[in-house]
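Please look through the sequence and the model below before reading on. The paragraphs that follow walk through one part of it, step by step.

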Amino acid sequence: MRLAGRLAGELLDYLTPFVTPGISTNELDRLADAYTTGVQGAISAPLNYAPPGHQPYPKAICASINHQVCHGIPTDKPLKRGDIVNLDVTVIKDGWHGDSSRMFMVGEVSVAARRLCMLTHEAMWHGIVKVHAGAFLGDIGHAIQRFSEGHGLSVVREFCGHGIGRNFHEEPQVLHYGRPGTLDQLQAGMTITIEPMLNIGRRDVKEMGDGWTIVTKDRSLSAQWEHTVLVTQTGYEVLTLSAGSPQAPAFALPA
Ligand code: MF3
Ligand code: CO
Ligand code: CO
């Protein structure tokens, strides 16, 4: 899991300099799959992924632009200055999954878009720091919800983090809202993702006709960040950190 996690982070590092005005998300998708298979000796987990009730996912990465919340399917449309885009990558290495996503700002973006991206990163970390053996899943959700709604952002309810390991999506569900001291308790050795989706407008979302892409109903901007996290006796280990990961907020740094 440590190796798969690091490779997911390094794949995002690799893609970062390419995310500029004019490139299409299909080009990013092809770069990502070539790096994963050719350089990392790994497999792109999204490609042909077909959970119950879904047609096989047709690409190697998810690319969700502006009001797209998650699971955006790459297209030939070029990114433009001012766009914000989430790239969500999942690699399989030696049978283990590493799942991570980041926000990218394309050229200069609005103050509101930048604020959304930064606060969503911070919201993810508010959840991560709650992780330790014995913590409740509700502690994680509550920390994310409290921080996010406290800053006037809404939390998407229909999608959540998840257990991850030999399978892409395993138990438990990791909700990004909730009440402290509720739901299951974490155990040392579990690996989960924390991946909040926050909207500037209302929390409601809908699925597009392609059967995958999720958008905000009110077309307001949405952002998401994701890490894969190992539960330890005393705390957590973030498995998808890499050289290019943005610094964790001060409250998450060792004292
Ligand atoms: N990577 C997403 C997650 O964080 C899942 C994408 S499923 C796909 O759970 F099929 F759209 F790739
Ligand atoms: Co995930
Ligand atoms: Co993901």
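**A metal site and its neighbour**

In this predicted model, His-162 has a relative accessibility of 5%, and it therefore counts as buried, since the cut-off for that word is under 20% relative accessible area. Asp-99 is likewise buried, because its relative accessible area is 2%, which is also under 20%.

Both of these residues belong to the set of protein donors that hold the cobalt ion (ligand 2), a set made up of Asp-99 (OD), His-162 (NE2), Glu-195 (OE) and Glu-226 (OE), at 2.0 to 2.2 Å from the ion. Along the chain, these donors follow the spacing D-x62-H-x32-E-x30-E. The pair Asp-99 and His-162 links distant parts of the chain, for Asp-99 sits in strand β5 (residues 96-105) and His-162 in strand β7 (residues 161-163), 63 residues apart.

What are the angles among the six donor atoms of the cobalt ion (ligand 2)? They run from 51 to 163 degrees, and the site is irregular. For comparison, ideal angles for six octahedral donors are 90 or 180 degrees. Asp-99 also serves as a bridge between the cobalt ion (ligand 2) and the cobalt ion (ligand 3), two ions that lie 3.4 Å apart.

We can now turn to ligand 1, which has 14 residues around it, with Asp-88, His-162, His-169, Glu-195 and Glu-226 coming nearest. A polar side-chain atom of Asp-88 lies 3.1 Å from a nitrogen atom of ligand 1, whereas Glu-195 places a polar side-chain atom 2.8 Å from an oxygen atom of the ligand, and Glu-226 places one 2.9 Å from an oxygen atom. Of the 340 Å² of accessible area that ligand 1 has on its own, the protein covers 97%.

Notes. Residues numbered from 1 in each chain as written. Chains lettered and ligands numbered in written order. Predicted model: local features only at pLDDT ≥ 70, side-chain atom pairs only at ≥ 80, totals over all residues. Heavy atoms only, no water. Donors = N, O, S within 2.8 Å, 3.2 Å for Na, K, Ca; no water. Tetrahedral: all angles 85-135°; square planar, octahedral: opposite > 155°, others 65-115°. Helix = DSSP H or I, 4+ residues; strand = E, 2+ residues; numbered from the N terminus. Buried < 20%, exposed > 50% of the residue type's maximum accessible area, 1.4 Å probe, protein only. Near = heavy atom within 4 Å. Polar contact = N/O pair within 3.5 Å; in protein donor to acceptor, adjacent residues only side chain to side chain. Areas by Shrake-Rupley, 256 points an atom, 1.4 Å probe, with all protein chains shown as cover.
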